Amino acid sequence: MAALFLVVWLAQIVSAIGYGTPPDTSSVLVLDLAFFLPLLAIGAVLFLREQPLGDLLVPVILIHMGTLGTSVFLGGLLSPLFGQPLDLFMIVLFAVVSLGGLAFAFITLSRFGQLHAPRY
């Protein structure tokens with residue numbers, strides 16, 4: 001799912017470079033590309049290596065993905081009310097991102113107590 005964010009943000013950056021104008025969401029792009037995606041990669045590596053910090057980071061990152069995807073999804077649905085065109089691709093993409101992020105966060109959190117439970 002992080003690859004979806006990266007592809008969407010890079011597409012916006014490349015099209016803005018082509019037109020010679022800054023992207024409309026440049027502050028969001030900076031925050032996501034500078035902080036969120038590296039943190040997501042670090043959390044994934046730590047989680048796969050079964051490090052305790054990965055167990056703490058991954059649910060937080062997935063919840064962030066779910067809430068961010070939900071806000072962009074709702075913004076896309078409401079865009080015609082503000083004179084913007086309806087972009088079905090972005091609406092479907094962020095619906096998948098939000099549902100996937102929240103579903104994986106739920107799965108991860110439901111296993112949270114089992115990950116490092118003492119074995120007798």
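Here are some friendly exercises with worked solutions on a predicted model of one protein chain.

**Exercise 1. The overall fold**

Work out which kinds of element the protein chain has, and in what order.

Solution. Start with the count: the chain holds five helices and zero strands. Reading from the N terminus, the order is therefore written α-α-α-α-α. To finish the overview, look at burial: of the 120 residues in the chain, 28% are buried.

**Exercise 2. Checking two helix lengths**

Compare the end-to-end reach of H3 and of H4 with the span expected at 1.5 Å a residue.

Solution. Take helix H3 (residues 52-78). It has 27 residues, and the expected span is 39 Å. From its first C-alpha to its last, H3 reaches 40 Å, which is close to that value.

Now take helix H4 (residues 88-110), with 23 residues. The expected span is 33 Å, and the end C-alpha atoms lie 33 Å apart, so the two agree. If you multiply by the full number of residues you will miss these values, because the expected span uses one less than the number of residues.

**Exercise 3. Burial and contacts of H3 and H4**

Find which residues of H3 and H4 are buried, then look at two C-alpha pairs that link these helices.

Solution. First list the buried residues. In H3 they include Gly54, Leu57, Val58, Ile61, Leu62, Met65 and Leu68. In H4 they include Met90, Ile91, Phe94, Val97, Gly101 and Ala105. A helix has 3.6 residues a turn, so residues three or four places apart point the same way.

Next, take the pair Ser71 and Phe94. Ser71 sits in helix H3, while Phe94 is one of the buried residues of H4. Their C-alpha atoms are 23 residues apart along the chain and 8.7 Å apart in space. Ser71 has a relative accessible area of 41%, so it counts as partly exposed.

Then take Ala103 and Leu62. Ala103 belongs to helix H4, and Leu62 is among the buried residues of H3. This pair is 41 residues apart in sequence, with 8.6 Å from C-alpha to C-alpha. Ala103 is partly exposed, because its relative accessible area is 38%.

**Exercise 4. The second largest pocket**

Describe the volume and the lining of the second largest pocket.

Solution. The volume is about 220 Å³. Helix H2 (26-48), H3 and H4 are the elements that each give two or more residues to the lining. The lining has twelve residues in total, and Leu40, Ala44, Val58, Leu62 and Phe104 lie nearest the centre. H2 gives the most, with five residues.

**Exercise 5. A nonpolar patch**

Identify the residues that make the nonpolar surface patch, and place Leu78.

Solution. The patch covers about 550 Å² and is made by Leu74, Leu77, Leu78, Leu81 and Phe82. Leu78 lies in helix H3. Its relative accessible area is 43%, so Leu78 is partly exposed. That value passes the patch cut-off of over 30%.

**Exercise 6. An unusual backbone angle**

What is the phi of Glu50, and where does this residue lie?

Solution. Most residues other than glycine have a negative phi. Glu50 is not a glycine, yet it has a positive phi of about 60 degrees. Glu50 lies in the loop between H2 and H3. With a relative accessible area of 63%, Glu50 is exposed.

Definitions and conventions: Residues are numbered from 1 along each chain as its sequence is written. This is a predicted model: local features need pLDDT of at least 70, side-chain atom pairs count only at pLDDT 80 or more; totals for chains, interfaces and linings use all residues. Side-chain values use heavy atoms; hydrogens and water are left out. Patches are made of residues with over 30% relative accessible area and no salt bridge: like charges are joined within 9 Å, nonpolar side chains (Val, Leu, Ile, Met, Phe, Trp, Tyr) within 5 Å. Accessible areas come from the Shrake-Rupley method with a 1.4 Å probe; for residues, only the protein chains shown count as cover. A salt bridge is a side-chain nitrogen of Lys or Arg within 4 Å of a carboxyl oxygen of Asp or Glu. Helices (H or I, at least four residues) and strands (E, at least two) are DSSP runs, numbered from the N terminus. Buried means under 20% relative accessible area, exposed over 50%, partly exposed in between (1.4 Å probe, protein chains only). On a 1 Å grid over the protein atoms alone, a cavity is a set of points where a 1.4 Å probe fits but cannot get out, and a pocket is an open set with protein on both sides within 12 Å along at least five of seven lines; lining residues have an atom within 4 Å of a point. Grid points are joined across faces, edges and corners, and a volume is the space filled by probe spheres set on the points.
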